[in-house]
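Please open the structure in your viewer and keep the sequence panel visible beside it. The tour below proceeds by selection, one step at a time.

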Amino acid sequence: MAVVKRDYYEVLGVPPDADDEAIRRAFYALAREAHPDVADSPYAEEEFRELAEAYSVLSRREARLLYDRYGYRGRGNQGFDEARWEARPAEATRGENVH
């Protein structure tokens with residue numbers, strides 16, 4: 001099953017042109033609410049991980065530039081389509097003669 005990633009700017013609730021301080025403030029405000037030790041939601045751990053991942057990318061200049069240019073997959077994997085990978089035909093049995 002392919003994992004659908006949300007837009008990191010959407011996760012933190014900041015616009016794409018937000019400065020470093022706005023990103024930091026948004027992360028800390030949301031992290032206080034979503035932290036698994038504080039939140040009552042059964043999905044708190046997943047939400048907190050998503051927040052942490054978004055902050056980890058958007059808070060580092062180089063990672064943010066790559067994210068802005070290529071999305072969450074990064075520069076080397078922009079052509080990989082997970083849905084097509086899942087729908088690929090079954091491989092030949094190992095050891096089977098190819099001729």
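**The whole chain**

Begin with the entire protein chain shown as a surface: it exposes about 7,900 Å², and carbon and sulfur atoms supply 50% of that area. Please bear in mind that this is a predicted model. Of the 99 residues, 22% count as buried.

Now change to a cartoon view. The protein chain has five helices and zero strands, and its pattern along the sequence reads α-α-α-α-α. Among contacts between residues at least 6 apart in sequence, 53% join residues at least 24 apart.

**Helix α2**

Select residues 20-34, which form helix α2. This helix of 15 residues reaches 21 Å from its first C-alpha to its last, close to the 21 Å expected at 1.5 Å a residue. Within the selection, display the side chains of Ala22, Ile23, Ala26, Phe27, Ala31 and Ala34, the buried residues of α2. Why do they lie on the same side of α2? They cover an arc of only 155° around the axis, and therefore share that side.

Next, add α1 (8-12), α3 (44-58) and α4 (61-70) to the view; these are among the elements that cover the buried residues of α2.

**Helix α4**

Move to residues 61-70, helix α4. Its buried residues are Ala63, Arg64 and Tyr67. Seen down the axis of α4, these fall within an arc of 100°, so they line one face of the helix. Their cover includes α1, α2 and α3.

Rotate the view to the face of α4 turned away from its buried side. Which exposed residues does that face carry? They are Arg61, Leu65 and Arg69. Then select Gly71, just after α4, where phi is positive, at about 85°.

**The nonpolar core**

In soluble globular proteins, nonpolar side chains tend to be buried together. To examine this here, select Leu12, Val14, Ile23 and Leu58, the residues with the most contacts inside the largest nonpolar core, which has 19 residues. Helices α1, α2, α3 and α4 each supply at least two residues of this core. The largest share, six residues, comes from α2.

Finally, centre the view on Val14. Leaving aside residues up to four places away in sequence, Val14 touches Tyr9, Ala22, Ile23 and Ala26. Ala22, Ile23 and Ala26 were met earlier, among the buried residues of α2.

Note on methods
Residues are numbered from 1 along each chain as its sequence is written. This is a predicted model: local features need pLDDT of at least 70, side-chain atom pairs count only at pLDDT 80 or more; totals for chains, interfaces and linings use all residues. Side-chain values use heavy atoms; hydrogens and water are left out. Helices (H or I, at least four residues) and strands (E, at least two) are DSSP runs, numbered from the N terminus. Buried means under 20% relative accessible area, exposed over 50%, partly exposed in between (1.4 Å probe, protein chains only). Contact means heavy atoms within 4.5 Å. Accessible areas come from the Shrake-Rupley method with a 1.4 Å probe; for residues, only the protein chains shown count as cover. The expected span of a helix is 1.5 Å times one less than its number of residues. The arc is that of the directions from the helix axis to the C-beta atoms. A nonpolar core is a set of buried Ala, Val, Leu, Ile, Met, Phe, Trp, Tyr and Cys residues joined through side-chain atoms within 4.5 Å.
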